[in-house]
Amino acid sequence: MATKVLPPALDSTSEPPPLFDGTTRLYISYTCPYAQRVWITRNCKGLQEKIKLVPIDLQNRPDWYMEKVHLANKVPSLEHNNEVKGESLDLMKFIDSHFEGPSLFPDDPAKREFAEELFSYTDTFNKTVRSSLQGDGNEASAAFDYLETALSKFNDGPFLLGHFSIADIAYAPFIERYQPFLLEVKKNDITAGRPKLAAWIEEMNKNEAFNQTRRDPKELVETYKKRFA
């Protein structure tokens with residue numbers, strides 16, 4: 001299958017798209033894991049034609065993005081029905097519930113409850129791993145152990161809620177970055193002694209909607225070396 005050519009990122013020299021013309025637009029950055037969450041959700045729903053991708057260059061942002069689109073000047077944001085919404089977890093849920101395509105949230109109340117717990121943990125997960133990236137400690141182990149335990153809760157599939165869901169999407173962009181960086185720079189294989197996490201990564205890497213959003217691991221490692229090493 002031919003790789004779809006992605007649109008170029010818009011920078012300070014770029015003209016804005018024709019805003020609020022009835023087109024639904026997802027503003028992202030190709031390098032932002034939070035924006036990637038929503039991009040993956042859009043792809044999983046099969047909404048590539050319904051939700052237009054508008055990448056922004058975060059290093060050289062166009063002024064019109066803050067002035068006319070999203071006052072917070074962050075990505076992701078979604079322009080839909082003459083409104084702009086932000087926050088990645090909220091946008092994932094909004095796209096899943098307001099657009100056509102396969103549901104990414106389970107009906108089972110126990111799974112829905114656990115999904116909310118997993119969403120709540122994402123900030124702690126990222127803070128814990130990032131503090132480990134910046135220092136010599138191994139605080140990250142607790143975060144990856146949490147995921148290994150979470151992956152044991154439901155036995156009807158290899159994903160966090162058994163079957164694939166937006167809970168997996170919430171973590172995938174971060175694991176995509178942490179795994180190669182920790183392996184190369186810290187010599188820490190996050191899958192060692194964590195067979196369920198290893199299986200989860202293997203399954204996620206088969207997901208075409210996710211693969212359409214992924215970056216070259218070498219590029220991700222270099223970016224994190226500049227930031228943390």
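Colleague: Among contacts between residues at least 6 apart in sequence, what share joins residues at least 24 apart?
Modeller: That share is 70% in this protein. Keep in mind that we're looking at a predicted model.

Colleague: Okay. How many helices and strands does the protein have?
Modeller: You'll find nine helices and four strands. Going along the sequence, the pattern reads β-α-β-α-β-β-α-α-α-α-α-α-α. The radius of gyration is 18 Å and the globule rule gives 17 Å for 229 residues, which is close, so the protein is as compact as a globular protein of that length.

Colleague: And what box do the C-alpha atoms fill?
Modeller: Roughly 50 × 45 × 35 Å, if you take it along the principal axes.

Colleague: What percentage of the residues is buried?
Modeller: Buried residues account for 49% of the 229. As for the accessible surface, the protein has about 11500 Å² of it, and carbon and sulfur atoms own 50% of that.

Colleague: Switching to charges: how many positive and negative side chains are there?
Modeller: There are 29 positive and 34 negative ones. The centres of those two sets are 2 Å apart.

Colleague: Let's go to the strands. Is E1 largely enclosed or largely open?
Modeller: Strand E1 covers residues 24-28. Five of its five residues are buried, so E1 is largely enclosed by the rest of the structure.

Colleague: Which way do its residues point?
Modeller: Thr24, Leu26 and Ile28 go one way, while Arg25 and Tyr27 go the other.

Colleague: Which strands does E1 pair with?
Modeller: E1 runs parallel to E2, with five bridges joining them. Leu26 has Leu53 in E2 as its bridge partner. E1 also pairs with E3, in the antiparallel sense, over three bridges. There, Arg25 stands opposite Glu79.

Colleague: So what about E3 itself, where do its residues point?
Modeller: E3 is residues 77-80, with Ser77 and Glu79 pointing one way and Leu78 and His80 the other. All of them are buried.

Colleague: How does E3 pair with E4?
Modeller: In the antiparallel sense, over four bridges, with E4 being residues 83-86. His80 of E3 faces Glu83 in E4. The two strands make a hairpin, and two residues sit between them.

Colleague: Which residue in that turn has a positive phi?
Modeller: Asn81, with phi at about 50°. Asn81 has that positive value although it is not a glycine.

Colleague: Is Asn81 buried or exposed?
Modeller: Asn81 has 63% relative accessibility, and the cut-off for exposed is over 50%, so Asn81 counts as exposed.

Colleague: Where's another non-glycine residue with positive phi, Lys187?
Modeller: Lys187 is in the loop between H6 and helix H7, which is residues 195-204. Its phi is near 55°. Lys187 is exposed as well, at a relative accessible area of 65%.

Colleague: Back to the backbone: which residues does the cis peptide bond join?
Modeller: Val75 and Pro76, and omega there is about 5°. Pro76 belongs to the loop between helix H2 (63-69) and E3.

Colleague: Which residues does Tyr34 contact, leaving aside neighbours within four places in sequence?
Modeller: That same Pro76 is one of them, along with Ser88, Asn126, Arg130 and Phe174. Tyr34 itself sits in helix H1.

Colleague: How much of Tyr34 is accessible?
Modeller: Its relative accessible area is 26%, so Tyr34 is partly exposed.

Colleague: And how far is Tyr34 from Glu15?
Modeller: They're 24 Å apart in space, C-alpha to C-alpha, and 19 residues apart in sequence.

Colleague: Last topic, helix H3. Which of its residues are buried?
Modeller: H3 spans residues 88-98, and the buried ones are Ser88, Leu89, Leu91, Met92, Phe94, Ile95 and Asp96. Ser88 also turned up as a contact of Tyr34.

Colleague: What do those buried H3 residues pack against?
Modeller: Among the helices, they pack against H1 (33-44), H4 (109-134) and H6 (166-185). On the strand side, their partners are E2 (51-55), E3 and E4.

How values were computed:
Residues numbered from 1 in each chain as written. Predicted model: local features only at pLDDT ≥ 70, side-chain atom pairs only at ≥ 80, totals over all residues. Heavy atoms only, no water. Rg over C-alpha atoms; globule rule 2.2 N^0.38 Å. Buried < 20%, exposed > 50% of the residue type's maximum accessible area, 1.4 Å probe, protein only. Contact = heavy atoms within 4.5 Å. Areas by Shrake-Rupley, 256 points an atom, 1.4 Å probe, with all protein chains shown as cover. Lys, Arg positive; Asp, Glu negative; His and termini not counted. Charge placed at Lys NZ, Arg CZ, Asp CG, Glu CD. Pairing = 2+ DSSP bridges.
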